[in-house]
Amino acid sequence: MFTKADDNVTKGREKLVGGSDVPAILGISKYKTQFQLAQEKLGIVPNDFKGNEYTEYGNVLEPQIRDYINAINETNFVPDTRIDREKGIRSNTDGYDAENQLILEIKTHGKTPNIKSYEAQMQLYMYQFDVQYGWLALYERPENFDAEFDANRLQIKVVHRDDQYVQHILDAIETFWIRCEYLKEKPDMTEQEFMAI
């Protein structure tokens with residue numbers, strides 16, 4: 001258990017919520033609860049995840065997929081980031097095309113992609129990049145993890161910005177940071193106590 005003297009908890013180094021944190025904050029993540037995310041953000045529990053074969057595969061395929069999409073559609077998607085320190089949010093998009101006012105999110109996935117989580121992530125990105133549309137590039141990962149790009153495995157889904165949903169996400173993030181302040185003061189609180197704030 002951490003005490004007030006513990007630097008990680010009391011100093012509260014500046015943290016930002018990224019798009020991949022949004023599903024946990026909304027309670028739709030298969031991997032992490034909002035409480036677990038808060039514990040990691042505050043350094044109460046270490047985040048030991050350094051990646052795995054799935055994330056590594058995604059890192060290898062992402063530039064190939066982006067290059068293919070740019071070539072086929074005459075788009076100019078480049079990776080980009082927007083940060084809002086006041087709201088504590090950060091959007092790292094896989095592609096932003098300033099001319100066409102579009103963002104691109106690339107996901108390599110198994111048989112059943114987690115569309116709900118991907119779209120929540122994209123809503124935050126569309127808000128931060130101030131665009132109305134995004135392309136969700138879904139690439140089904142082969143069982144043998146073959147890293148050679150295959151266009152037949154790619155499908156693109158157009159995602160429209162939903163301002164009501166964006167507001168819901170922003171409100172949830174704001175509540176999350178408020179809860180984190182309380183957790184910082186009482187790092188041994190239970191998940192039930194945390195979620196009741």
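This passage looks at three places in a predicted model: a helix, an acidic side chain and a patch on the surface.

A good place to start is helix H3, which spans residues 34–41. Seven of its eight residues are buried, so the helix is largely enclosed by the rest of the structure. The buried set consists of Gln34, Phe35, Leu37, Ala38, Gln39, Glu40 and Lys41. Their cover includes strand S1 (17–18) and helix H2 (22–26), together with helix H6 (163–185) and helix H7. Just after H3, the backbone takes a positive phi of about 80° at Gly43.

Attention then turns to Asp94, a residue of strand S3 (residues 89–97). Asp94 is buried, yet it has no salt bridge. The nearest side chain of opposite charge belongs to Arg66 and lies 5.1 Å away; because a salt bridge requires the nitrogen and the carboxyl oxygen to be within 4 Å, this pair does not qualify. The side chain of Asp94 does, however, reach the backbone nitrogen of Ile106, at 2.8 Å. Leaving aside residues up to four places away in sequence, Asp94 touches Glu62, Arg66, Val78, Pro79, Leu104, Glu105 and Ile106. Arg66 is thus among the residues in contact with Asp94, even though no salt bridge is formed.

The surface offers a further feature. Ile178, Tyr182 and Ile197 form a nonpolar patch there, with about 270 Å² of accessible area together. Of these residues, Ile197 is found in the segment after helix H7 (191–196). Its relative accessibility is 32%, and Ile197 therefore counts as partly exposed.

Key. Residues numbered from 1 in each chain as written. Predicted model: local features only at pLDDT ≥ 70, side-chain atom pairs only at ≥ 80, totals over all residues. Heavy atoms only, no water. Helix = DSSP H or I, 4+ residues; strand = E, 2+ residues; numbered from the N terminus. Buried < 20%, exposed > 50% of the residue type's maximum accessible area, 1.4 Å probe, protein only. Lys, Arg positive; Asp, Glu negative; His and termini not counted. Polar contact = N/O pair within 3.5 Å; in protein donor to acceptor, adjacent residues only side chain to side chain. Contact = heavy atoms within 4.5 Å. Patch = residues over 30% accessible without salt bridge, like charges linked within 9 Å, V, L, I, M, F, W, Y side chains within 5 Å. Areas by Shrake-Rupley, 256 points an atom, 1.4 Å probe, with all protein chains shown as cover.
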